[in-house]
Amino acid sequence: MSTKVEKRILVNVPVSTAYNQWTQFEEFPHFMGGVKSVTQLSDDRLEWVAEIGGVRRQWEAKILEQVPDRKIAWAATEGATNAGAVEFEDVGGGQTSLQLTLEYEPEGIIEKVGDKLNVVDRQAEADLKRFKEFIEDEGYASGAWRGSVSSGAPVGTPGVEDAAGSRGDSGKAGVSGKVAAGVGVAAAAGAAAAMAGSKKDTAEGADVTVTPVESGEPVTVTPIPTDTTTDESVTSGTYAGTAPGTTTGTTAAAGSTGSVADLGDDRIGHAFDQTNGLVDTTGESDETVEGENLSAGERREDDRRPDGGLPPVGGNLGQH
């Protein structure tokens, strides 16, 4: 099924200037974003390379009718099925109305998707605007070909039926490098997602520890068992900012009372007085009945010297 695009634009230059510039086909890439190159093989044969919507196409076209200051009509002979015409009209005041009519048949999934998104329609409109800016900025044509091409009676506006010889000829079609790269990235992302899902399904997200070995030796990967038991205070969300069912920091071993002795460090022989960081051997922390019953005030009284002063720190008065 073919698609037809029709665009009109008003150019602020005389009709002969607009027409002369349009005949310089090989300069199309300067102002047509979708055109990569145009090679004039003869007065009535052109070779095109274009990239529209990420699809790179190469084709040959034959000029069916060309009338100076009025019309250029063409149809593809191979590579991509398209045909159309550009008509010029002098509207006075040094202005020209330019009418573009293009009919084409999208081939392949990418072109068909692009057709649904009106990619060619938008490209044609943008190219005409760039042509207008280009010729108006210059004010004159970079060249001209004033010859005529016609095989007899006027051909009107050619359609895809006039390009029947190119129908199904997709040998010169291809995907652009940008699209190919995008497809590659998408495929890599999909593969990575699939691998991640596979790991989760088989290992249940368990952590593993990798034991370093010398070069040339096999690497041993040992799964770390996941403890499914949870502390009740953690599960209930006791720790602020921690999701229920998760653990934070060091968790006491099973049956632990939570004391320092549970750490099993032989270097620690007694508890610490958390008020000043010093070891308390006579007060509440010495784990004796006498210590528990001895008040802090009584201990301070015992520590006082006969002169009523407190013993200096480190044995030297005035030193810290």
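# A guided tour from the nonpolar core outwards

Begin by selecting Trp22, Phe25, Phe28, Trp48, Phe88 and Leu98, which are the residues with the most contacts inside the largest nonpolar core, a set of 39 residues. Helix 3 gives the most to this core, contributing five residues. Keep in mind throughout that what you have on screen is a predicted model.

**The whole chain**

Before going further in, colour the chain by secondary structure, and you should find seven helices and 11 strands. Of the 320 residues in the protein chain, buried residues make up 28%. If you display contacts with a sequence separation of 6 or more, 54% of them are between residues 24 or more positions apart.

**Trp22 and helix 1**

Return now to Trp22 and show what surrounds it; leaving aside neighbours within four places in sequence, Trp22 is in contact with Phe28, Met32, Ile72, Val86, Phe88, Leu98, Leu128 and Phe131. Next, extend the selection to the whole of helix 1, residues 15-22, where seven of the eight residues are buried, so that the helix is mostly covered. The buried residues are Val15, Thr17, Ala18, Tyr19, Asn20, Gln21 and Trp22. To see what lies over them, add strand 4, strand 5, strand 6 (82-92), strand 7 (95-104) and helix 3, which are included in the cover of these buried residues.

**Where helix 1 meets helix 3**

Select helix 3, residues 119-138, together with helix 1, and turn the view until both axes can be followed; they come within 11 Å and cross at roughly 115 degrees. The crossing in which helix 1 passes helix 3 is right-handed. On the helix 1 side, the contact is made by Thr17, Ala18, Gln21 and Trp22, and on the helix 3 side by Leu128, Phe131, Phe134 and Ile135. Sorted by class, this contact has six nonpolar and two polar residues, with no charged residues.

**Asp127 in helix 3**

Stay in helix 3 and pick Asp127, which has its place there. Is Asp127 buried or exposed? With a relative accessible area of 8%, Asp127 counts as buried because this value falls under the 20% cut-off. The side chain of Asp127 is joined to that of Arg130 by a polar contact of 2.7 Å. Beyond the neighbours within four places in sequence, Asp127 is in contact with Phe31, Met32, Gly33 and Gly34.

**Asn12, ahead of helix 1**

Move next to the loop between strand 1 (3-11) and helix 1, where Asn12 is found. Asn12 is partly exposed, having a relative accessible area of 43%. Drawing a distance between C-alpha atoms shows that Asn12 and Thr96, although 84 residues apart along the chain, are separated by 6.5 Å. Setting aside the neighbours within four places in sequence, Asn12 is in contact with Gly94, Gln95, Lys132 and Glu136. With one of these residues, Gln95, the side chain of Asn12 is joined by a polar contact of 2.5 Å.

**Ser97 in strand 7**

From Thr96, step along to Ser97, which is found in strand 7. Ser97 is buried, with a relative accessible area of 7%. Which side chain makes a polar contact with the side chain of Ser97? The partner is Arg8, at 2.6 Å. The other contacts to display, again without the neighbours within four places in sequence, include those with Ile9, Leu10, Glu87, Phe88, Glu89 and Val91.

**Ala61 in strand 4**

Now select Ala61, whose place is in strand 4. At 3% relative accessibility, Ala61 counts as buried. Not counting residues up to four places away in sequence, Ala61 touches Asp44, Arg45, Leu46, Trp48, Trp74, Ala75, Ala76 and Thr77. A further distance to draw is the one from Ala61 to Ala83, which lies 22 residues away in sequence and 8.3 Å away in space, C-alpha to C-alpha.

**Two loop residues with positive phi**

Finish with two backbone details in loops. Asp69 sits in the loop between strand 4 (55-67) and strand 5 (71-78), and Asp69 has a positive phi of about 65 degrees although it is not a glycine. Asn118, in the loop between helix 2 (108-116) and helix 3, is likewise not a glycine and has a positive phi of about 60 degrees. At 44% relative accessibility, Asn118 counts as partly exposed.

Terms used
Residues numbered from 1 in each chain as written. Predicted model: local features only at pLDDT ≥ 70, side-chain atom pairs only at ≥ 80, totals over all residues. Heavy atoms only, no water. Axes fitted to C-alpha atoms, helices over the stretch in contact; angles between N-to-C directions. Helix = DSSP H or I, 4+ residues; strand = E, 2+ residues; numbered from the N terminus. Left-handed = near helix turned anticlockwise from the far one by under 90°. Contact = heavy atoms within 4.5 Å. Nonpolar A, V, L, I, M, F, W, Y, C, P; charged D, E, K, R; others polar. Core = buried A, V, L, I, M, F, W, Y, C linked by side-chain atoms within 4.5 Å. Buried < 20%, exposed > 50% of the residue type's maximum accessible area, 1.4 Å probe, protein only. Polar contact = N/O pair within 3.5 Å; in protein donor to acceptor, adjacent residues only side chain to side chain.
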